Amino acid sequence: MSSTSHATRSPMAPPRSFLWSRRIFLTLLTGFVLVPVYVMVSSSLKPPADVTGKFRWLPSGLTIRPYIDIWSTVPLARYFVNSLIVAGSATACSMVIAVFAAYAVSRYDFRGKRVFTVTVLSTQMFPGILFLLPLFLLYVNIGNATGIALFGSRGGLILTYLTFSLPFSIWMLIGYLDSVPRDLDEAALVDGCGPLGALIRIVVPAAIPGIVAVAVYAFMTAWGEVLFASVMTNDTTRTLAVGLQGYSTLNDVYWNQIMAASLVVSVPVVAGFLLLQRYLVTGLTAGAVK
């Protein structure tokens, strides 16, 4: 007695044509994403002759000279330090203020709570360029009246970045702290902690993934910002995002150095993202469901 086995397809399995269509689409999408990366990396290793004329997909030779020249063509090291100071300080200040503000909104009921949250969220509706001229006039008038140099200083740029990173940070942390059980706060209060102690010792460690996710957003926003940095800085306080324009002059454009500098600039953000990836995934998803 012989038995014949027939391959059966699960009624829930997608058709084979759909699977191949998805594979082709994902392959094309991957190529669309990787081609600019290849152009950047290959151009950064090309000799000057390969980047001055018609674009060549394959370089005639490879050289690391652009990675050496980027530090002397423009003061890239100074711009790098300025970006680290400004972005790091803006992120740290934003996180400290946002944690306290979000904790107050998440745990306490007070008059004007709804107005406060709606106001914080509504600030994200306005384009950043709308605040450029008011902040410029405000900094200039403060400097003339008090002698405090906000315009053209790192401190002024840090305050500028707080105006649009802080509201978003508060709003994101409110949603995340709402997902942290209030029983933890109550247990800490029973054990003798005050509200501040419960926040620092219990809530903040439990909310580390959300805080890290918001901190990465705030840092990336400040790190790559161009509009305010191009107006609010001078030659001494210029950041990387603006300093990259120095590789383009009236007579020539150093394409290989621009690509090399762009890769160097992206290293801190990419490295931070890879190191904090597990916190980012947890932080961005945990606050979505209470």
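Here are a few notes on one helix and one cavity in this predicted model.

1. Let's start with α6, which runs over residues 132-146. Its 15 residues reach 21 Å from first C-alpha to last, close to the 21 Å expected at 1.5 Å a residue.

2. Which residues of α6 are buried? They are L132, L135 and Y139. Looking down the axis of α6, you'll find these buried residues within an arc of 70°, so they line one face of the helix. The spacing fits the usual pattern: an α-helix has 3.6 residues a turn, so residues three or four places apart point the same way.

3. What do the buried residues of α6 pack against? Their partners are α7 (154-178) and α11 (227-232). Over on the other side of α6, L133, N144 and A145 are exposed.

4. Have a look at what comes after α6 as well: G147 follows the helix, and its phi is positive, near 85°.

5. Now for the cavity. The structure holds one of 30 Å³ or more, and the largest cavity contains about 40 Å³ of space. Its lining is made up of V99, A102, L173, L177, L199, V203, V204, A207 and I211.

6. Which elements give two or more residues to that lining? These are α4 (76-107), α7 and α9 (195-206). The most comes from α9, with three residues. So α7 turns up twice in this note: the buried residues of α6 pack against it, and α7 also helps line the largest cavity.

7. As for chemistry, the lining of the largest cavity counts nine nonpolar residues, with no polar and no charged ones.

Note on methods
Residues numbered from 1 in each chain as written. Predicted model: local features only at pLDDT ≥ 70, side-chain atom pairs only at ≥ 80, totals over all residues. Heavy atoms only, no water. Helix = DSSP H or I, 4+ residues; strand = E, 2+ residues; numbered from the N terminus. Expected span 1.5 Å × (residues − 1). Buried < 20%, exposed > 50% of the residue type's maximum accessible area, 1.4 Å probe, protein only. Arc of directions from axis to C-beta. Contact = heavy atoms within 4.5 Å. 1 Å grid on protein atoms, 1.4 Å probe; cavity = no way out; pocket = protein on both sides within 12 Å on 5 of 7 lines; lining within 4 Å. Points joined across faces, edges and corners; volume = space filled by probe spheres on them. Nonpolar A, V, L, I, M, F, W, Y, C, P; charged D, E, K, R; others polar.
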